[in-house]
Amino acid sequence: GILKQSAREPCGAVQDETDGGCPSTIGLPEYDFSQAGSHDQGRPTRRMVFNATQQNLTIESPLTDISRLKVLLINTVAGSLIRQPNFRNADDGARKDIMDMTSSLSVYDGEFILKLALYTRCELNIRTTANFLLALASNIGLCRPYLRKYFSNSVRLPSDWIDVAELYQSFHDDSLNYGSLPVALRRAMAAKFPDFDEYQLAKYNKDKSKNKKKKKAKADDAGEGRGGRGGRGGRGARGGRGRGRGR
């Protein structure tokens with residue numbers, strides 16, 4: 001499909017789908033009207049249901065062009081660099097557009113959402129949108145099986161790692177307790193965490209930063225205290241002049 005690539009291959013491969021050659025002999029196909037129409041590599045699909053009473057077929061859903069929907073989602077994601085959406089705001093227009101298209105596309109190709117997140121981070125270098133796509137994929141059951149495969153290469157910095165978890169909270173998942181994360185996302189984050197080195201993590205070590213600030217504050221207080229004692233010595237000298245006037 002569009003953006004066919006592995007986590008180690010260059011991003012940005014956009015290809016059109018073509019059908020292979022037809023066999024010389026074609027057997028009679030078997031139809032199962034109780035199931036939805038299958039999809040194959042981005043070809044349009046539709047759901048047909050057999051009505052036993054009227055002895056005819058009815059189409060429940062309209063024709064869906066998967067390839068066109070993928071291109072539209074790619075363009076919307078690329079355009080987020082200019083629109084600069086606020087993904088934490090549920091009323092943001094760009095956020096709504098991406099969520100709507102992702103919801104429709106995930107039914108046919110859930111892995112594509114994760115491929116697009118990797119492409120957005122590696123090639124487009126739009127980290128906020130890439131993080132939002134990862135968080136969004138974590139919230140869609142059809143995308144979760146592919147999350148760990150693409151999460152590690154899509155998250156480059158500890159700030160990305162934190163941002164994905166915070167963006168997930170904006171979906172207000174009622175199936176989880178407040179502040180909790182789905183199991184698939186927790187496992188992907190746990191697998192990624194050892195990849196960060198001590199230097200990267202030191203910037204986000206709040207406890208260590210607080211200790212440094214406390215030590216600095218104590219040192220400043222000690223310096224002010226020494227200066228204050230010097231000032232009291234000066235007042236002592238003025239007291240000496242007072243004794244001189246007494247004589």
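Buried residues account for 30% of the 247 residues in the protein, which is described here from a predicted model. The secondary structure comprises nine helices and two strands, and from the N terminus on these elements follow the order β-β-α-α-α-α-α-α-α-α-α. Among contacts between residues at least 6 apart in sequence, 62% join residues that are at least 24 apart.

Helix α3 (residues 110–124) has 15 residues and reaches 21 Å from its first C-alpha to its last, close to the 21 Å expected at 1.5 Å a residue. Of the 15 residues of α3, 12 are buried, so this helix is largely enclosed by the rest of the structure. The buried positions in α3 are Gly110, Glu111, Phe112, Ile113, Leu114, Lys115, Leu116, Ala117, Leu118, Tyr119, Thr120 and Arg121, and the partners against which these buried residues pack are α1, α2 (93–106), α4 (127–138), α5 (147–154) and α6 (158–168).

Thr120, which is placed in helix α3, illustrates this burial at the level of a single residue. Its relative accessibility is 0%, and because the cut-off for a buried residue is under 20%, Thr120 counts as buried. When residues up to four places away in sequence are not counted, Thr120 touches Val77, Asn125, Ile126, Thr129, Ala130 and Leu133.

Two packed helices are described by the angle between their axes and the distance between the axes. For helix α1 (residues 66–83) and helix α3, the angle is about 35° and the axes are 11 Å apart, and the crossing of these two helices is right-handed. On the α1 side the contact involves Lys70, Leu73, Ile74, Val77 and Ala78, which meet Phe112, Ile113, Leu116, Thr120 and Leu124 in α3. By class, the residues in the contact of α1 with α3 are eight nonpolar, one polar and one charged.

The packing of α1 with α2 has an angle of about 155°, with the axes of the two helices 10 Å apart. This angle makes α1 roughly antiparallel to α2, and α1 passes α2 in a left-handed crossing. The residues of α1 that make the contact are Ile66, Leu69, Lys70, Leu72, Leu73, Thr76, Val77 and Arg83, and those of α2 are Gly93, Ala94, Asp97, Ile98, Met101, Thr102, Ser104 and Leu105. The residues in the contact of α1 with α2 divide into nine nonpolar, four polar and three charged. Lys70, Leu73 and Val77 of α1 are listed both in the contact with α3 and in the contact with α2.

Within the contact between α1 and α2, Leu69 can be considered individually. Leu69 is placed in helix α1 and is buried, with a relative accessible area of 15%. Leaving aside neighbours within four places in sequence, Leu69 is in contact with Met101, Ser104 and Leu105, each of which is listed among the α2 residues of the contact between the two helices. The C-alpha atoms of Leu69 and Ser104 are separated by 8.6 Å, although these residues are 35 residues apart along the chain.

The loop between α1 and α2 contains Gln84 and Ala90. Ala90 is partly exposed, with a relative accessible area of 45%, and, when residues up to four places away in sequence are not counted, Ala90 touches Arg95 and Lys96. A separation of 8.1 Å is found between the C-alpha atoms of Ala90 and Phe171, residues that lie 81 residues apart along the chain. Gln84, by contrast, counts as exposed at 65% relative accessibility.

Backbone geometry sets two loop positions apart from the general pattern. Most residues other than glycine have a negative phi. Gln84 nevertheless has a positive phi of about 50° although it is not a glycine, and Asn125, likewise not a glycine, has a positive phi of about 60°. Asn125 comes just after α3, in the loop between α3 and α4, and is exposed, with a relative accessible area of 53%. Asn125 is also one of the residues touched by Thr120, which is itself buried at 0% relative accessibility.

Notes:
Residues are numbered from 1 along each chain as its sequence is written. This is a predicted model: local features need pLDDT of at least 70, side-chain atom pairs count only at pLDDT 80 or more; totals for chains, interfaces and linings use all residues. Side-chain values use heavy atoms; hydrogens and water are left out. Axes are lines fitted to C-alpha atoms, for helices over the stretch in contact, and angles run from 0 to 180 degrees between N-to-C directions. Helices (H or I, at least four residues) and strands (E, at least two) are DSSP runs, numbered from the N terminus. A crossing is left-handed if the near helix is turned anticlockwise from the far one by less than a right angle, and right-handed if clockwise. Contact means heavy atoms within 4.5 Å. Ala, Val, Leu, Ile, Met, Phe, Trp, Tyr, Cys and Pro count as nonpolar, Asp, Glu, Lys and Arg as charged, and the others, Gly among them, as polar. The expected span of a helix is 1.5 Å times one less than its number of residues. Buried means under 20% relative accessible area, exposed over 50%, partly exposed in between (1.4 Å probe, protein chains only). Angles under 35 degrees count as roughly parallel, over 145 as roughly antiparallel, 65 to 115 as roughly perpendicular and the rest as oblique.
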